[in-house]
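Got your viewer open and a selection box ready? Load the entry below and follow along, one stop at a time.

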Amino acid sequence: PVETIHLHVWPEGETAFTMYEDDGETYAYLDGQVACTAMTCRVQEAGGELTISPRAGRYENMPDRRAYEVHLHLPRRPAEVSVQGLAETPWRYDEQTRRAFICAQEDPQRQRPLVICWKQND
């Protein structure tokens with residue numbers, strides 16, 4: 001089971017993706033034993049927002065908790081990054097690879113989406 005997902009995002013316009021996962025070993029997915037995670041990304045001139053919805057579904061040995069290491073591929077360093085509205089979120093930007101790195105945890109009760117926002121300087 002993968003407890004940390006390394007998610008690479010190249011933000012542009014409005015995009016959506018659904019991640020499907022199963023136990024990776026059996027055909028139980030044919031009986032509906034899968035989990036789905038919907039993700040959306042919206043970008044404007046001032047910045048953007050990545051929303052990772054709570055996992056829906058279940059499969060054998062699914063991790064109880066999920067963390068994300070998000071790699072935002074941005075042309076320049078953001079002025080600010082927040083997770084769930086908290087600007088004190090630890091993050092870093094690598095000028096050489098042009099990536100912002102953000103680590104965040106999903107809601108343990110899987111009720112609220114995980115929202116990562118960034119603002120760009122003018």
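The tour runs from a surface patch through charged pairs to strands and two backbone oddities. Keep in mind throughout that this is a predicted model.

**Stop 1: the tyrosines**

Select Tyr27, Tyr29 and Leu30 and switch on a surface: together they make a nonpolar patch of about 380 Å². Tyr29 belongs to the loop between strand S2 (14–21) and strand S3 (35–44). How exposed are the two tyrosines? Tyr27 counts as exposed, with 63% relative accessibility, while Tyr29 is partly exposed at 37%.

Now hide the surface and look at the rings. A pair of aromatic rings is described by the distance of the centres and the angle of the planes. The model has 1 aromatic pair by the rule used here. It is Tyr27 with Tyr29: the ring centres are 6.2 Å apart and the planes meet at 45°, so the pair is tilted. For tilted, the planes have to be neither under 30 degrees apart nor over 60.

**Stop 2: a charge over a ring**

Jump to Arg92 and Phe101. Arg92 sits over the face of Phe101, 4.1 Å from the ring centre.

**Stop 3: salt bridges**

The count of salt bridges comes to 4, and here are some of them to select.

Begin with Arg66 and Glu21, whose closest N and O atoms are 3.0 Å apart. Arg66 is in the loop between strand S5 (56–57) and strand S6 (67–73), whereas Glu21 is in strand S2, so this salt bridge ties together parts 45 residues apart in sequence. Both Arg66 and Glu21 are buried.

Next, pick Arg55 and Glu106; here the closest N and O atoms are 2.4 Å apart. What does this pair tie together? Arg55 lies in the loop between strand S4 (47–52) and S5, and Glu106 in the loop between strand S9 (99–105) and strand S10 (114–119), so the salt bridge links parts that are 51 residues apart in sequence. Arg55 and Glu106 are buried too.

Then try Arg58 and Asp64, a salt bridge with an N to O distance of 3.6 Å. Arg58 is partly exposed, at 43% relative accessibility, and Asp64 is exposed at 58%.

**Stop 4: strand S10 and its partners**

Show side chains along S10. In a regular strand the side chains alternate between the two faces of the sheet. Which residues of S10 point to the buried face? Leu114, Ile116 and Trp118 do, while Val115, Cys117 and Lys119 point to the other face and are not buried.

Add S4 to the selection: S4 and S10 pair in the antiparallel sense over 6 bridges. To see one of the matches, select Thr51, whose bridge partner in S10 is Val115.

Strand S7 (residues 80–83) also pairs with S10 in the antiparallel sense, over 4 bridges. Here, Glu80 stands opposite Lys119.

**Stop 5: positive phi**

Last, switch to the backbone. Most residues other than glycine have a negative phi, and most peptide bonds are trans. Select Gln84, where phi is positive, near 55°. Gln84 is in the loop between S7 and strand S8 (91–94), and is partly exposed at 30% relative accessibility.

Arg98 also has a positive phi, near 55°. Look for Arg98 in the loop between S8 and S9; its relative accessibility of 48% makes it partly exposed.

Terms used
Residues numbered from 1 in each chain as written. Predicted model: local features only at pLDDT ≥ 70, side-chain atom pairs only at ≥ 80, totals over all residues. Heavy atoms only, no water. Patch = residues over 30% accessible without salt bridge, like charges linked within 9 Å, V, L, I, M, F, W, Y side chains within 5 Å. Areas by Shrake-Rupley, 256 points an atom, 1.4 Å probe, with all protein chains shown as cover. Salt bridge = Lys/Arg side-chain N within 4 Å of Asp/Glu carboxyl O. Helix = DSSP H or I, 4+ residues; strand = E, 2+ residues; numbered from the N terminus. Buried < 20%, exposed > 50% of the residue type's maximum accessible area, 1.4 Å probe, protein only. Phe/Tyr/Trp six-rings, centres within 6.5 Å; stacked < 30°, edge-to-face > 60°. Lys NZ or Arg CZ within 6 Å of the ring centre and 35° of its normal. Pairing = 2+ DSSP bridges.
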